[in-house]
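Visitor: Please take a close look at one helix of this model and what it packs against. I would like the contacts residue by residue, followed by the surrounding core.

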Amino acid sequence: MHQSPLVWGAAAFLLIAALAVAMTVSMTQGALMLVGGALGLVLYHAAFGFTSAWRVFIIDRRGRGLRAQMVLLAVAVVLFFPALSAGTLFDHPVRGFVSPIGISVMVGAFIFGIGMQLGGGCASGTLFTAGGGNARMVVTLLFFIVGSVLATINFDWWLSLPAFEPTSLVEMGAGPGIAISLALFAVIAAVTVWLERRRHGRLEAAAIPAERRGTARWLRGPWPLLFGAVALALLNFATLSLAGRPWGITSAFALWGAKLVQLVGVDPGQWSYWQQPGNAQALNQSLWHDVTSVMNIGIILGAMAAAALAGRFRPTLNIPVRSLLACVIGGILLGYGARIAFGCNIGAYFSGIASGSLHGWVWMVFAFAGNMVGVRLRPFFFQQPARPAVSGC
């Protein structure tokens, strides 16, 4: 297979980088980079996308991707809630992502949703498709970083707007919190089934028959969507056990951008966002000390190896001008929205709801509304397919 040098190169670089991080920072940090690599592999081979799943449902009322997300969340809350309720996991302290519910969350999630459809991906989708060789998504990622930095400039203003205190379903006990969450997931799944049958008369087939069988399929993909959902939930739980908090993505983009603007003589340390203790520490340390950064790098390398294994790593710079413009606008909206909404589809939606945070549910509602607007804007930038496929972008 002519892609084998890239496969071995990406895998070797991931292992060497993880070993270097383990030796210079900590064994835990090195392990987290490998978890990131596994996340990239799963995201790519299962084509587990949030953006396209929502777009398919909005346009075509096909809900297979949305139902897979409900499975993802269901497995996660069953794993997370007992640990978060106890406050420890394997004798180590753990905490969830629980954030305030206010205007900044609503506005941020809404514009993030628009950005998902224009940029062509969410936070996880941008990383794994960029790592998989999609040059257009590299542009989205660059402007994702730009938008993230812009949001840190006036972050204090957004914090000053009215908001409710952070609230988690875990506070009512792991059992009741799990029961309420599972009931909500079931309702959402049932609504997608009802709407899909109403539109099409029957549900879409669970999966497209795989071209490969046995070991070849597991090495080169594609993987079943539900397998991807369960695997992502397990890897998020692994992140919780190692890092003491769930999986996140976009805080690293703000950090990368802040370090870049330092190189051109701008001091982001003057902005209130970077004066918060945790953010100030991250800004003053190397990126290898930042959990989110090392995991993001792992995701990119894992997706690169997966794309090479699948024989689909073929970057092209032939990007139409309107599509390029959508990447710029979408990337900025994604970055800005994620910061002021306290997270993205991973940090706020997946990990937020897995933490029992009501902020995660509010994020989902307003991000979905933003996706509905974004879908209506897409025809100006892209040639719309008759029926979009469920994939990362």
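Guide: What follows is an account of helix α4, its two helix partners and the core around it. The model is predicted.

Helix α4 covers residues 64-86, and one partner is helix α9, residues 174-200. Their axes are 9 Å apart and meet at an angle of about 180 degrees. Angles over 145 degrees count as roughly antiparallel, so α4 is roughly antiparallel to α9. On the α4 side the contact is made by Arg-64, Leu-66, Arg-67, Met-70, Leu-73, Ala-74, Val-77, Val-78, Phe-81, Pro-82 and Ser-85. Helix α9 contributes Ala-174, Gly-177, Ile-178, Ser-181, Leu-182, Phe-185, Ile-188, Ala-189, Thr-192, Val-193 and Glu-196. Sorted by class, this contact of α4 with α9 holds 15 nonpolar, four polar and three charged residues.

The other partner is helix α3, residues 51-60. Here the axes of α3 and α4 are 7 Å apart, at an angle of about 130 degrees. The two helices are therefore oblique to each other. Ala-53, Trp-54 and Phe-57 of α3 meet Gly-65, Leu-66 and Gln-69 of α4. Four of the residues in the contact of α3 with α4 are nonpolar and two are polar, with no charged ones. Leu-66 is listed in the contact with α9 and also in the contact with α3.

Next comes the core. The largest nonpolar core of the model has 85 residues, and α4 gives the most to this core, with twelve residues. The residues with the most contacts inside the core are Phe-48, Trp-54, Phe-112, Trp-247, Tyr-349 and Trp-363. Of these, Trp-54 has already appeared in the contact of α3 with α4.

Tyr-349 leads back to α4. Leaving aside neighbours within four places in sequence, Tyr-349 is in contact with Gln-69, Met-70 and Leu-73, among others. Met-70 and Leu-73 are among the α4 residues that touch α9, whereas Gln-69 is part of the contact with α3. Tyr-349 also contacts Phe-50, Trp-54, Cys-344, Gly-360, Trp-363 and Met-364.

Tyr-349 falls within α16 (345-354), and the loop between α15 (321-340) and α16 holds Phe-342. Phe-342 has a positive phi of about 60 degrees although it is not a glycine. With a relative accessible area of 22%, Phe-342 is partly exposed.

How values were computed
Residues numbered from 1 in each chain as written. Predicted model: local features only at pLDDT ≥ 70, side-chain atom pairs only at ≥ 80, totals over all residues. Heavy atoms only, no water. Axes fitted to C-alpha atoms, helices over the stretch in contact; angles between N-to-C directions. Helix = DSSP H or I, 4+ residues; strand = E, 2+ residues; numbered from the N terminus. Parallel < 35°, antiparallel > 145°, perpendicular 65-115°, else oblique. Contact = heavy atoms within 4.5 Å. Nonpolar A, V, L, I, M, F, W, Y, C, P; charged D, E, K, R; others polar. Core = buried A, V, L, I, M, F, W, Y, C linked by side-chain atoms within 4.5 Å. Buried < 20%, exposed > 50% of the residue type's maximum accessible area, 1.4 Å probe, protein only.
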